[in-house]
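Work through the exercises below with the coordinates open, and compare each step with the solution that follows it.

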Amino acid sequence: MAATHLDVGLRCIKYLLCAVNSLFVLTGIMIISVGTTIYAVYEDFSHFLDPSYFSPATVLVVVGMLVFVIAFLGCCGALKESTCMVLVFAVSLSVVLVLELAAAISAYALQDGIQNLLAEKINSTMHKYGKNTEATDAINFLQSRLYCCGYNGSEDWLDITKEIPQSCRPWSNENVTCSPNNDDISCAPYETGCIKHLSVIIHRSALYIGTGAVAIALIQLTGIMFACMLGRAIRRQKTERERRRWELRESLVNGYQPLGKSDPFTTFPVVYMSSEPLKNP
């Protein structure tokens, strides 16, 4: 009865681990989508960001790809009842969990210096406006995309170029029809500075990276627990099978009694001799 319960428990853990691995495939897709989205956002404003800010998003994309391989390894180990594959699955998942936590921690840590970094980058790029093509395109894209103007406002341009760029005005966007000479208030320059909008985007992206990585890491922690339980159950079942095989072999060996060799009285034929002499017929 104990062996039967052991087989049932092992089967339940196998199916649960396969279900968790299916969930891992979905989480892998989520990780890749989050990483690629954040990377695309950072790529749009790469002129104003340090390359280190791309690291958490890159780590998430790599981790998402590894999750597919690890999930396949876990399913194969569960179905084949391979202790080695299940343990490799658990160890690999632990490494992925550490990478995700590292990405979350680095994303949160990079937020501390983002305000000073953006201030330095935006100011230096604004002073190159009109003199450098790359800096001009970056500023125009930033202002027209985020609907902002200057560092803190449109007044910043009056101190640098003495005029406000067209990308600071709504009429530079396709969805608004204004002319440069239009004095309508709807065509006035944007009042909000770009530092505020861009810092909000970076902070929100870091929050998405950190929260998503921690949430998925908790799910993977459940998978590691199931993998350890399955490995222990497989080892116990194999030990139980070996014990039963050994008991069966011993019972066959001990239960075998060679006929005619254990008792000397039954091994050899008994001849009875008569005391009277034989008479010839």
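A residue counts as buried when its relative accessible area is under 20%, with a 1.4 Å probe and protein chains only. The model is predicted, and the chain averages a pLDDT of 75, with 80% of the residues scoring at least 70.

**Exercise 1.** Determine whether C194 is buried or exposed, and describe the disulfide that C194 forms with C148.

*Solution.* C194 has a relative accessible area of 1% and is therefore buried, and C148, at 0%, is buried as well. The sulfur atoms of C148 and C194 lie 2.0 Å apart, which fits a disulfide, a pair for which the cut-off is 2.5 Å. The torsion about the S-S bond is about 90°, so this disulfide is right-handed. Because C148 sits in the loop between α5 and α6 while C194 belongs to helix α7, the bond ties together parts that are 46 residues apart in sequence.

**Exercise 2.** Characterise the link between C149 and C168.

*Solution.* The two sulfur atoms are 2.2 Å apart and form a disulfide, which is right-handed, with 95° about the S-S bond. C149 lies in the loop between α5 and α6 and C168 in the loop between α6 and α7, 19 residues apart. Both C149 and C168 have 0% relative accessibility and are buried.

**Exercise 3.** Identify the residues with the most contacts inside the largest nonpolar core, and the helix that gives the most to this core.

*Solution.* The core has 59 residues, and F48, I122, L142 and L198 have the most contacts inside it. Helix α7 gives the most, with 14 residues. Beyond its neighbours within four places in sequence, I122 is in contact with F48, L142, Y151, C194, I195 and L198.

Terms used: Residues are numbered from 1 along each chain as its sequence is written. This is a predicted model: local features need pLDDT of at least 70, side-chain atom pairs count only at pLDDT 80 or more; totals for chains, interfaces and linings use all residues. Side-chain values use heavy atoms; hydrogens and water are left out. pLDDT is the predictor's confidence in each residue, from 0 to 100. A nonpolar core is a set of buried Ala, Val, Leu, Ile, Met, Phe, Trp, Tyr and Cys residues joined through side-chain atoms within 4.5 Å. Buried means under 20% relative accessible area, exposed over 50%, partly exposed in between (1.4 Å probe, protein chains only). Helices (H or I, at least four residues) and strands (E, at least two) are DSSP runs, numbered from the N terminus. Contact means heavy atoms within 4.5 Å.
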